[in-house]
Amino acid sequence: MAGMTLPPSITLVEVGPRDGLQNEPTPVPVEAKVAFIEALMDAGLREIEVTSFVSPKWVPQLADAGDVFARLKPRPGITWSALVPNLRGMERALACGVRKVAVFTGATETFCRKNINMSFAESLDAFRPVVAEARKNGIAVRGYLSTAFGCPYEGAVDPARAAEAAHRLADLGCDELSIGDTIGVAAPTGVEALLSRLAFPRPATALHFHDTRGTAAANAVQAATMGFARFDASAGGAGGCPYAPGAAGNVATEDLVYLFETMGVRTGVDLSKLAAASEALFGILGRTPPGKAQRAAMAAARKP
Ligand code: HMG
Ligand code: MG
């Protein structure tokens with residue numbers, strides 16, 4: 001890969017407390033969630049998706065969103081965000097003093113219906129007042145486009161269709177987009193095909209790769225060579241969407257830290273501190289983190 005051009009640094013948006021936990025059947029106590037988020041900040045992560053203000057009937061694990069926010073102690077230079085699907089969620093987020101929210105829809109109709117019980121067009125209608133409320137309160141808005149590469153119900157997604165959906169979402173007034181490979185089916189050629197069609201500013205576009213089939217790291221490198229420098233990731237590789245059958249976790253944050261730092265791209269994250277934070281969380285979940293760099297870091301730390 002001689003001549004590969006990469007950005008000097010990337011920003012990792014840690015989505016573990018939200019995407020990582022939303023599908024976990026083991027209830028994680030509020031104190032453990034707060035300790036996890038504090039450990040992530042100690043490891044150098046500056047943007048953290050803390051939780052979701054969604055219906056507790058749809059995502060019981062995050063029913064404690066308000067309590068988690070209430071216990072977090074503000075730190076300078078940190079952005080905490082939360083998902084909101086509607087005005088009700090926005091009101092809850094505002095009551096907690098949240099400064100960044102994320103609305104979320106999908107490139108395919110069936111996924112939208114299963115995930116938020118709305119069509120794509122209905123989701124945009126639901127988000128319009130949310131974005132207006134955010135504007136009024138000086139709150140930043142991320143717009144997630146799920147199933148941008150493939151859908152568990154509709155199969156492969158045409159990149160032109162995904163780009164069109166992303167532009168309609170952006171037109172609501174989103175400050176940032178996050179383009180999601182919800183079920184981890186994309187490969188670098190497909191990433192190139194969609195990202196080359198996107199008209200939204202690259203510095204404000206994040207890529208959200210799930211690692212179901214082991215392609216997430218390759219996809220992140222492809223995006224980075226195109227000048228994209230914001231990546232969502234989940235500590236230890238936790239996660240999956242409850243409304244996307246078979247979806248595994250996000251790409252592990254440790255895997256991206258290792259990969260990019262080894263290529264000379266700064267992440268600002270301390271890999272061993274992050275690996276320890278994941279270890280503690282997965283101890284509560286009662287299983288081994290799927291992230292490979294996390295496991296290697298812990299094995300190295302345990303070496304006599
Ligand atoms: P619904 O059932 O169609 O609507 O849900 P509803 O208005 O009838 O609400 C149902 C109940 O929830 C009602 O309570 C509402 O009051 C309440 P009841 O009257 O039955 O007692 N409710 C709420 N409660 C708290 N906060 C709220 C709220 N809204 C309604 N904000 C709804 C529609 C959108 C609410 C529901 O479908 C929902 O919450 N969906 C969220 C699903 C979700 O969180 N999915 C995972 C996140 S997306 C993802 O993982 C993908 C991503 O990672 C990117 C990628 O990987 O591609 C982002
Ligand atoms: Mg996701």
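Reader: Which side chain has an N or O atom 2.9 Å from a nitrogen atom of ligand 1?
Author: This is a predicted model, where local features need pLDDT of at least 70, side-chain atom pairs count only at pLDDT 80 or more, and totals for chains, interfaces and linings use all residues. Residues are numbered from 1 along each chain as its sequence is written, chains are lettered from A and ligands numbered from 1 in the order written, and side-chain values use heavy atoms, without hydrogens and water. A polar contact is a pair of N or O atoms within 3.5 Å. At 2.9 Å from a nitrogen atom of ligand 1, the side chain belongs to asparagine 86.

Reader: How far is an oxygen atom of ligand 1 from an N or O atom in the side chain of histidine 210?
Author: Another pair joins a nitrogen atom of ligand 1 and a polar backbone atom of valine 54, at 3.3 Å. For the oxygen atom and the side chain of histidine 210, the distance is 3.1 Å.

Reader: How much of ligand 1 does the protein bury?
Author: Accessible areas come from the Shrake-Rupley method with a 1.4 Å probe. Taken alone, ligand 1 exposes 1100 Å², and the share buried by the protein is 77%.

Reader: Which residues are the protein donors of the magnesium ion (ligand 2)?
Author: Donors are N, O and S atoms within 2.8 Å of the metal (3.2 Å for Na, K and Ca); water is not among the atoms, so sites may look incomplete. In sequence the donor residues are spaced D-x188-H-x1-H. Lying 2.0 to 2.3 Å from the ion, they are Asp19 (OD), His208 (NE2) and His210 (NE2).

Technical notes: A polar contact is a pair of N or O atoms within 3.5 Å; within protein, one must be able to donate a hydrogen and the other to accept it, and residues adjacent in sequence count only if both atoms are side-chain atoms.
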